[in-house]
2 protein chains.
Amino acid sequence: MERDITPPATTLPADAPRMSRPQIAAAAIKDWVVERGMRPGDRLPGEAELMAHFGMAKGTIREALRVLEAQGLIRTRTGPGGGAFVNEVSEARARALLGNYFYFQEIGVGDIYALRHALEPVLVAQLAGTLPEERIVLLEEVMTAYETPPETIEESERQRMAELDFHALLASFSPNPLLRFQCRFLIGLLKDITICRRIYRRRIPGFRAAGRDYQSRLIQALRAGDGGAARAIMRAHMTAAQKIMEEQESVVLRQFLSETDAR
Amino acid sequence: MERDITPPATTLPADAPRMSRPQIAAAAIKDWVVERGMRPGDRLPGEAELMAHFGMAKGTIREALRVLEAQGLIRTRTGPGGGAFVNEVSEARARALLGNYFYFQEIGVGDIYALRHALEPVLVAQLAGTLPEERIVLLEEVMTAYETPPETIEESERQRMAELDFHALLASFSPNPLLRFQCRFLIGLLKDITICRRIYRRRIPGFRAAGRDYQSRLIQALRAGDGGAARAIMRAHMTAAQKIMEEQESVVLRQFLSETDAR
DNA sequence: AGATATTTGTTCGTATGTATT
DNA sequence: TAATACATACGAACAAATATC
């Protein structure tokens with residue numbers, strides 16, 4: 001079967017009215033690779049060949065290769081048999097690249113939870129009854145990280161991170177690459193956002209116990225293959241979590257503002 | 001208020017065990033920018049200064065700048081007062097970069113619609129009653145593109161693209177950056193995927209009329225501020241569209257396979 | 001309009017590092 | 001160990017773009 005997606009343009013439409021030579025070279029090399037239907041691991045021509053083929057100097061070609069490398073599309077190795085190789089973009093790199101975009105956007109906790117609330121119930125509904133036992137065991141192992149109440153603030157933060165890991169692991173089991181990536185990206189965002197970090201350091205009575213309770217019931221539903229129940233459990237959990245996070249967001253925000261005002 | 005998100009790491013964890021000098025420089029420059037809280041439009045030191053600061057040759061520094069440029073984080077201009085400037089990553093670039101990741105994933109029409117089905121009803125529910133009249137008019141203008149039945153296959157394809165534009169425009173009105181981006185990304189994917197292109201060339205009786213009908217009712221609900229109705233309408237439409245697309249996918253796929261078998 | 005200064009863009013030649021054989 | 005093949009890095013020179021006077 002041929003490729004699913006048409007060559008994703010390196011050349012951005014209105015973004016780049018006049019491209020520099022390295023950009024032209026990067027686009028040309030990319031097209032060249034796509035045309036040939038090259039797959040991850042395949043070797044590109046060496047620098048010398050590329051120089052000859054495109055009529056550009058070494059420096060220009062090297063800059064072009066760096067562009068492709070930054071996008072995660074190739075990797076390079078030195079030495080004999082070395083060179084540039086087609087590379088499958090890793091999930092981690094895709095997350096980092098997309099994170100750069102949202103770095104400049106104003107996103108609140110509510111924005112993230114709006115998507116989690118819409119997506120994660122669908123995720124677990126699809127997953128119910130399809131997970132092999134060893135994967136469910138993996139989930140249960142993550143849960144042991146917050147079996148007992150946290151002693152310190154650091155412990156509390158660690159437990160909250162582990163709770164996010166539970167959801168990330170769950171998402172990684174989805175056969176839908178889009179759903180998988182999107183859920184994991186949102187969770188990654190929660191881990192990175194400073195205001196969430198502050199929230200995770202706060203003590204919220206009953207939160208941990210409630211979290212464990214719903215996760216146990218979720219796993220039970222997943223084992224039983226009851227998609228409807230799994231969806232309902234996740235939906236309820238997301239509603240509750242969203243409410244708490246938004247409350248805490250305003251508390252922390254007020255706290256933060258009064259701190260800075262005092263200064 | 002300080003930045004929302006912690007410095008997105010250029011340095012990828014396990015991805016890059018030994019970094020090259022340009023990568024080191026790129027990461028250092030990025031950190032330098034983040035530390036200073038520089039905003040889009042701010043100017044970075046010139047190549048000469050960077051060379052001196054990092055003790056690297058011009059070519060190396062330039063490769064580092066290309067890396068940042070490829071990620072959409074800076075843009076450069078020549079001439080006096082020129083140089084590298086912090087750049088807000090554009091939505092188009094973010095879409096292209098993320099598209100590279102999914103280029104290597106096996107995604108089907110069903111995967112995309114699973115997410116659209118989960119997200120777009122939420123989108124319109126949030127939008128209901130908040131859209132100024134001029135934006136609703138914009139939506140209606142897009143709808144004129146498929147007022148009349150298509151005469152040719154090209155016309156049919158154009159109309160289907162316009163119908164996707166309707167949804168993309170709708171999504172662009174969301175105040176939630178994540179929801180906005182995600183919906184628009186999914187729609188962009190539908191436009192790019194070859195199998196969808198094939199489907200869009202096919203004649204599906206009643207599809208256009210049904211689409212227009214639901215869109216009219218949707219706009220009515222949006223004007224009335226009836227979020228529940230808007231959500232229900234969108235949900236029904238997504239269910240129907242998903243069903244049709246998946247049916248057509250299997251038809252087109254069979255067709256394609258028999259064609260290639262014959263060869 | 002044109003000259004000039006500033007800054008990035010591109011090239012070439014050479015030397016070094018690194019992994020394979 | 002040595003030879004080889006490749007990327008990596010440096011430095012100097014020149015070209016092109018663009019703002020300012």
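1. **B:Thr76 and DNA strand C.** A polar side-chain atom of B:Thr76 lies 3.1 Å from a phosphate oxygen of DNA strand C. That is a polar contact (a pair of N or O atoms within 3.5 Å; within protein, one must be able to donate a hydrogen and the other to accept it, and residues adjacent in sequence count only if both atoms are side-chain atoms). Helix H1 (21–35) and H3 of chain A, together with helix H3 (58–70) and S1 of chain B, are the elements that give two or more residues to the surface near DNA strand C. Helices (H or I, at least four residues) and strands (E, at least two) are DSSP runs, numbered from the N terminus.

2. **Basis of the model.** This is a predicted model: local features need pLDDT of at least 70, side-chain atom pairs count only at pLDDT 80 or more, and totals for chains, interfaces and linings use all residues. Residues are numbered from 1 along each chain as its sequence is written, chains are lettered from A and ligands numbered from 1 in the order in which they are written, and side-chain values use heavy atoms, with hydrogens and water left out.

3. **Other contacts to strand C.** Backbone atoms also take part. A backbone N or O atom of A:Arg21 sits 2.7 Å from a phosphate oxygen of DNA strand C. For B:Gly79, a polar backbone atom is 3.2 Å from a sugar or linking oxygen of DNA strand C.

4. **Around strand C.** In total, 24 residues surround DNA strand C. The closest are A:Arg21, A:Pro22, A:Thr60, A:Pro80 and B:Arg62. Of the strand C atoms that come within 4 Å of the protein, 71% are sugar and phosphate. A residue is near a strand if one of its heavy atoms lies within 4 Å of it. H3(B) gives the most to this surface, with three residues. By class, the surface has five nonpolar, 11 polar and eight charged residues. Ala, Val, Leu, Ile, Met, Phe, Trp, Tyr, Cys and Pro count as nonpolar, Asp, Glu, Lys and Arg as charged, and the others, Gly among them, as polar.

5. **Around strand D.** Here 22 residues surround the DNA. B:Arg21, B:Pro22, B:Ala57, B:Thr60 and B:Pro80 are the closest. Sugar or phosphate makes up 77% of the strand D atoms within 4 Å of the protein; the rest belong to bases. The largest share of the surface, three residues, comes from H3(A). The classes are five nonpolar, nine polar and eight charged residues.

6. **Contacts to strand D.** Three residues are worth checking by eye. An N or O atom in the side chain of B:Thr60 is 2.4 Å from a phosphate oxygen of DNA strand D. A polar backbone atom of B:Ala57 is 3.1 Å from a phosphate oxygen of this strand. From chain A, a polar side-chain atom of A:Thr76 lies 3.3 Å from a phosphate oxygen of DNA strand D.

7. **A:Thr60.** Is A:Thr60 buried or exposed? A:Thr60 counts as buried because its relative accessibility is 18%. The cut-offs are under 20% relative accessible area for buried, over 50% for exposed, and partly exposed in between (1.4 Å probe, protein chains only). The residue lies in helix H3 (residues 58–70) of chain A. Leaving out residues up to four places away in sequence, A:Thr60 touches A:Arg21 and A:Pro22. Contact means heavy atoms within 4.5 Å.

8. **The hairpin in chain B.** Strands S1 (residues 74–77) and S2 (residues 83–86) of chain B run antiparallel, joined by four bridges. Two strands pair if DSSP finds at least two bridges between them. B:Arg77 has B:Gly83 as its bridge partner in S2(B). Five residues separate the two strands of this hairpin. In the turn, B:Gly79 has a positive phi of about 85 degrees.
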